[in-house]
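Let's take a walk through this protein together, one spot at a time. Have the sequence and the 3D view ready, and look up each residue as we reach it.

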Amino acid sequence: MEGRSDEQPILKLTKKTDFSQLSGCNDVFPGSPWRRGVHYTPCRVMSQFSAEDEAELQSLLRQLLKSVKERISGAPSVECAEEILLHLEETDKNFHNYEFVKYLRQYVESTLGAVIEEETENCAKGDGHTIGSGQDTLVHAVTRRARDSTQYKQMMQTLKQTMMVIVESLINKFEEDQLKKEEMHRSSQHEQSSSHYTDNCSDSDSSFNQSYAFIKQEQLQVISEKLDPSRPREVRWEALQSLCCAPPSDVLSCESWTGLRRNLSAALADPDPDLSDKVLRFFAKTFSSSPLNVTREIYTSLVKSLESDFLYHKLSFPTESAGMDVNRPDIARLLKQMRLMNDFQQEVTTFWIRHPEKYMEEIIESTLALLSLHHEHGIGPHGSEKALEPVHFISLLDIKATWFKKWMHGYYSRTVVLRLLERKYKSVIVTAVQQCIYYFESYDPVREETLEIAHAMEHQQIGPAQRSFYSAKELEYTYFVHSLCVLGRLLMYTNGRKLFPIKVRKRRDPVTLTDLVVILINIMYQHPNTSYSDSAHTDSLSPTSLVTEVLKTLCERTECAVECIYQTPVIETLLAPILALLKGKPAKLNSPESSLTHIADTLARIATTQRGLALFLYERKLISAEGEGISAGHVIVQFTQKLLAKELPASTELENSPAVKGAFIFVCRQMYNTCEGLQVLRPYSLHECIAKAWRKSLCEGLQ
C-alpha cells in the first residue's frame, strides 16, 4: 500500500488511529470477498474475545459497511472497492465516528497503551545512544519497539482470527441471501435464468447487499453475440441491459471485447434512439466510475463511432433559408454523443497526469483525428453542397473551446497536443484559420445580425425546453468563435506559434502570425454599430470582445507580444483609423467610439512594456497627415490633441465622447510616465491641452 511504512507512530493511536498503517492490515479482513482468490479456514478466537464480543463486532462491522455501501457498490472493480476500504480514513470525514472504529481504537489502547508508556519512559531515561534528538525520532523508536513487542503480535493475531470468523459469517449470510434471491428469480423468470447476467442483490440485512456479482466470460460472449446488428431489437435491448449491470473493467478485459466494441459502435449509430441512448448510459457510467485505463478505451470507442458516422452518413449543411433542427433523430443522436465526449474532455484533465502518457495520447489523438475530418472543399455527398462536420457540433456545444483551453493549460498535455498538431493534424489549425478568414471576407457591412447572433449563442441551451433550431449563419458564427478561441490559445505558446505560417485555400501566400493578427483586428473593426456605453454590457461572444481578449492575452506575454504584436503591419493596422481621422478622412469603422476605445486599450498595453514603448517612440515608419515619416507615439499624441481641441471634422461625434478621450489620454500617460517618453513627447505640451479642454468643458457646463 502506497505511503505505508513499518515505522508509523503508534503513539498517535490514542488520538487518531489509522488502521491501514498497522502491519498486516490487509489481513484484518482475510475472508472478505474483496480479497479475490484468498481462502482461509476460520478458527476460534483466543480468550480476549468472548462470544458476546464477536456478536458486537459483527454488528458494528455490518453498520460500517452499510455506511459505505454506496461507495463500494459504485466501485468499478474489486480492486477499486478494496482501495476504497483501505483508504477510508483519508476519504471519509466520518471515519472516526463509526462505532466499529471506536471499538477497535479502544481495544488497541487497552492492549498497547502500557507498552507504549513503558517504551516512552525507557527512551526518555537513558537510551540516548540509540535515538537522536527530535520528536519524530523518539516516535519512530517507540513505534519500532512496540511493534516488536509480544503484546502487539498477540493483538494482531487475535484480531486476524476474530475477523476471519466474523467476516466468514457475513459471507455465509450473503451467499444464503444470494441463493434465496436466485431461486426466487428462477421461479419468476425461468426462461431467462441462464441467458444473461443480472445484478440482483439481497434485500436482507446483510452488509454485503450491494456487492458485485461478477460476470463470466461466457456471459459476455453471449451478450456480444446478442448485440449483433442482425439480431432483433428486443434481443439487443436485453443484452444492453445486462451489459449496463456489469463492472466496466470486467467488460473491457473480456476476450470478446473486440467484437463487443464493434457491436456497441453499431448500436450507437442505430436509428433507434433507445438503443443508442442505452449505450451512452453504459459509457457515461464507465466515465464516472472507472480509472483512465478503462475510460480511454470507452472514449476512443465513442470517438471512432462518431468518426465513422460522419464519414459514411454525411449530413448536409443547412442552406441560408433552412436551418438545423436539433430534434431531428440523426442530429439529436450525434449531439448527445458529442456532448458526452465533450464532458469527458473537460473532466479528464483533472486526473490523466496520474496515468501513463500513452493513455492521454490515445485520447488526444482520437479527438484530433475526429476534428480533422472535413470534406474536400466543403463539398457534401452530392458534390454541390457543404457538409456538417464534427467541429460544427462541438462548436455548438462548447462554443469557446473550453476543452482545448484545459488541454493546453498543463505542460504535460500541451506538449502532446502541439506535437500531434505539428506532425499529423495540422489541418485542425488550417481549418480554424480558414474559418476566421472566411468570416472576415464574407462580412456584409449592411448586415447587422452579428450582435443578435452573439446574444442568442451566449444564452443558448440545447434541450427540449430550450432552443431547437439553429440557422446556417448561427452555425457559421459558432464555428468562427470556436476557431478564434482555439487560435487565441494556440498563439500563447512558443510551439503553437511555430505552426505558422499556414497555407490555406484561395490564398497565394501562407498566413503568417502577423497576417492572422491583422485579420483579427480588422474583424474587430467590422463589429456592428453600437455605442461604447452599450458595448460594456454586450455579450462576451461578440467579435470585438473576443478579439480584444486575444490581443490582451498576447500583449501580457513578452514573447507573444514580440512575435505577434510588435510588428509594423500590426501597429499600422491599429493606427490606420487614427491616421485617417488626422488626414480629415472618415475612419472605416462600423462603430467608431467602441472600436477606438478598444484600440486605445491595446495601445496602452503595448506602451507599458519597454519594447513596446521603444517601438512607439523611435520607429518612424508611419506616414503623417503632412506626408512625413512619423512614429506611433507622435500619431497618438497628435490625435489626442485634436480630440481634446475638437478639431476632427471627419468625426464630430467622437469630440463629445468622454470614453474615447479618457482612453487616449491614458495611452499618453503610459508614455509620459517614462523619461524617454517625456523627452520625446514634451514639445506637444499635452498637459496644457488637457487643462484647456477641462476649463472649456467647465465653462460649457456652467452655461
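T573 has a relative accessible area of 11%, so it counts as buried, since buried means under 20%. Keep in mind that you're looking at a predicted model. You'll find T573 in helix α27, which covers residues 568–582. What does the side chain of T573 have a polar atom close to? The backbone oxygen of P569, at 2.7 Å from that polar atom.

Now look beyond the sequence neighbours of T573. Leaving aside residues within four places in sequence, T573 is in contact with V518, I521, N522 and Y525. Take N522 as one of them: T573 and N522 are 51 residues apart in sequence, yet their C-alpha atoms are 7.8 Å apart in space.

**The whole protein**

Let's zoom out for a moment. The protein has 33 helices and six strands. Of its 703 residues, 50% count as buried. Contacts across long stretches of sequence show up here too: among contacts between residues at least 6 apart in sequence, 72% join residues at least 24 apart.

**A serine in a loop**

Next stop, S631. This residue sits in the loop between β6 (629–630) and α30 (632–645). Is S631 buried or exposed? Its relative accessibility is 0%, so S631 counts as buried. The side chain of S631 reaches the backbone oxygen of F616 at 3.1 Å. F616 also appears among the residues that S631 touches when those up to four places away in sequence are not counted; the others are L617, Y618, E619, R620 and L622.

**Empty space inside**

Rolling a probe the size of a water molecule over the atoms shows where empty space is left. Here, the count comes to five cavities of 30 Å³ or more. Let's pick the second largest cavity, with a volume of about 120 Å³. Of the 13 residues that line this second largest cavity, V391, V428, A432, H482 and V486 are the closest to its centre. Four helices each give two or more residues to the lining: α15 (357–371), α17 (402–409), α19 (426–441) and α21 (472–490). Which element gives the largest share of the lining? That's α21, with four residues. As for chemistry, ten of the lining residues are nonpolar and three are polar, while none is charged.

**Aromatic rings**

The structure holds eleven aromatic pairs. Here are two of them side by side:

| Pair | Distance between ring centres | Angle between planes | Type |
|---|---|---|---|
| W352 and W407 | 5.6 Å | 50° | tilted |
| W403 and F404 | 5.5 Å | 75° | edge-to-face |

Why is the pair of W352 and W407 tilted? Its planes are at 50°, and the tilted class lies between under 30 degrees for stacked and over 60 for edge-to-face. With planes at 75°, W403 and F404 are past that upper cut-off, so their pair is edge-to-face.

The pair of W352 and W407 also links distant parts of the chain: W352 is in the loop between α14 (329–348) and α15, while W407 is in helix α17, 55 residues apart. Both W352 and W407 are buried, and W403 and F404 are buried as well. Put together, W352, W403, F404 and W407 form one aromatic cluster.

**Unusual backbone spots**

Most residues other than glycine have a negative phi, and most peptide bonds are trans. With that in mind, check out a few exceptions. The peptide bond from F500 to P501 is cis, with omega near 0°. P501 lies in the loop between α22 (494–497) and α23 (513–525).

K646 isn't a glycine, but its phi is positive, near 55°. Find K646 in the loop between α30 and α31. At 29% relative accessibility, K646 counts as partly exposed.

S685 isn't a glycine either, and it has a positive phi of about 45°. Its place is in the loop between α32 and α33 (686–702). S685 has a relative accessibility of 21%, so it counts as partly exposed.

**One last residue**

Let's finish at N673, in the loop between α31 (658–672) and α32 (675–681). Is N673 buried or exposed? With a relative accessible area of 55%, N673 is exposed, because exposed means over 50%. The C-alpha atoms of N673 and T608 are separated by 9.2 Å, although these residues are 65 apart along the chain.

Conventions:
Residues numbered from 1 in each chain as written. Predicted model: local features only at pLDDT ≥ 70, side-chain atom pairs only at ≥ 80, totals over all residues. Heavy atoms only, no water. Buried < 20%, exposed > 50% of the residue type's maximum accessible area, 1.4 Å probe, protein only. Polar contact = N/O pair within 3.5 Å; in protein donor to acceptor, adjacent residues only side chain to side chain. Contact = heavy atoms within 4.5 Å. 1 Å grid on protein atoms, 1.4 Å probe; cavity = no way out; pocket = protein on both sides within 12 Å on 5 of 7 lines; lining within 4 Å. Points joined across faces, edges and corners; volume = space filled by probe spheres on them. Nonpolar A, V, L, I, M, F, W, Y, C, P; charged D, E, K, R; others polar. Phe/Tyr/Trp six-rings, centres within 6.5 Å; stacked < 30°, edge-to-face > 60°.
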